[in-house]
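Okay, thanks for coming, everyone. I'll walk you through one structure today, so have a look at it while I talk.

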Amino acid sequence: MTWTKVCEKSDIPEGSIKKVWARIGGGIPIAVAHHKRGFVAIPPVCPHLEEPLEESGLVMGCKLTCTKHLWSWDLETLELQDEAELPLKTYDVKVEGSNIMVYVTEQLEYNFDEDEDIDENTFFDDDDDDDDEW
Ligand code: FES
């Protein structure tokens, strides 16, 4: 794999995030965010609950916030902020002239574990046999 152009710099004004496609195989979806210090290329969904970041992502300064449940990341340092519990995965990105180039070797994805639901049948179980009769 190699560097591939995903869009023009002017397609993504500072303070915005946009879904683009790397033309590799059947196409690989990527979100490119333009923050205060440059560009970051990441999978197009929030690592929390798969929200499309093009719709729910808010870029302010160097910070990306998913407005769904307020997970945030510093896009310059990639540090987790606020409610975030998982890091962002990133592609290498560079600007060449007016082009945004992304280095793609494979599609980066998050694991969304669907078995984390609380078992509501046992959550309120009261094993306490203190049915005291007076
Ligand atoms: S889906 Fe993005 S913070 Fe929950």
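Let me start with a bit of vocabulary: when I say two strands pair, I mean that DSSP finds at least two bridges between them. And keep in mind that what you see is a predicted model.

Now, with that in hand, find strand 2 and strand 3. They form a hairpin, with five residues between them. In the turn you'll find Gly 25, and its phi is positive, about 55 degrees. Strand 2 covers residues 16-22, and seven bridges join it to strand 3, with the two running antiparallel. If you want one pair to look for, take Lys 18: its bridge partner in strand 3 is Val 32.

Let's stay on strand 3 and go to its other neighbour. Another hairpin takes you from strand 3 to strand 4, this one through two residues. Strand 4 is residues 38-42, and it runs antiparallel to strand 3, joined by five bridges. Here you can spot Ala 33 standing opposite Val 40 of strand 4.

So is strand 3 mostly covered or mostly open? Mostly covered: it spans residues 28-35, and seven of those eight residues are buried.

That brings us to the core. The largest nonpolar core has 30 residues. Among those with the most contacts inside it are Ile 30, Ala 31, Val 32 and Ala 33, along with Val 6 and Val 102. Several strands, including strand 2, strand 4 and strand 10, each supply at least two residues of this core. Which strand gives the largest share? Strand 3 does, with five residues.

Let's zoom in on Val 32 again. Leaving out residues up to four places away in sequence, Val 32 touches Val 6, Cys 7, Ile 12, Lys 18, Val 20, Phe 39, Ala 41 and Ile 100. Notice Lys 18 in there, the bridge partner from before.

Next, a sheet of three strands. It's an open sheet, the order is 1-10-9, and the pairing is antiparallel. Why does one side of strand 1 and of strand 9 have no neighbour in the sheet? Because strand 1 (3-8) and strand 9 (92-96) stand at the edges, and each has a single partner strand. On average, neighbouring strands in this sheet are turned by 30 degrees against each other, if you ignore direction. Strand 9 and strand 10 are joined by five bridges, and there you'll see Asp 92 opposite Tyr 103 of strand 10.

Okay, back to phi for a moment. Most residues other than glycine have a negative phi. Now look at Glu 50: its phi is positive, near 65 degrees. Glu 50 sits in the loop between strand 4 and helix 1 (53-56). It's partly exposed, with 14 other C-beta atoms within 10 Å.

Leu 70 also has a positive phi, near 65 degrees. You'll find Leu 70 in the loop between strand 6 (63-66) and strand 7 (71-74). With 13 other C-beta atoms within 10 Å, Leu 70 counts as partly exposed.

Last stop: Asp 113, in the loop between strand 10 (99-103) and helix 2 (120-123). Is Asp 113 buried or exposed? It's exposed, because it has 7 other C-beta atoms within 10 Å, and the cut-off for exposed is 12 or fewer. Asp 113 and Leu 49 are 64 residues apart in sequence, yet their C-alpha atoms are 9.6 Å apart in space.

That's my tour, thanks for listening!

Note on methods. Residues numbered from 1 in each chain as written. Predicted model: local features only at pLDDT ≥ 70, side-chain atom pairs only at ≥ 80, totals over all residues. Buried ≥ 20, exposed ≤ 12 C-beta atoms within 10 Å, placed from the backbone. Helix = DSSP H or I, 4+ residues; strand = E, 2+ residues; numbered from the N terminus. Axes fitted to C-alpha atoms, helices over the stretch in contact; angles between N-to-C directions. Core = buried A, V, L, I, M, F, W, Y, C linked by C-beta atoms within 7 Å. Contact = placed C-beta atoms within 7 Å.
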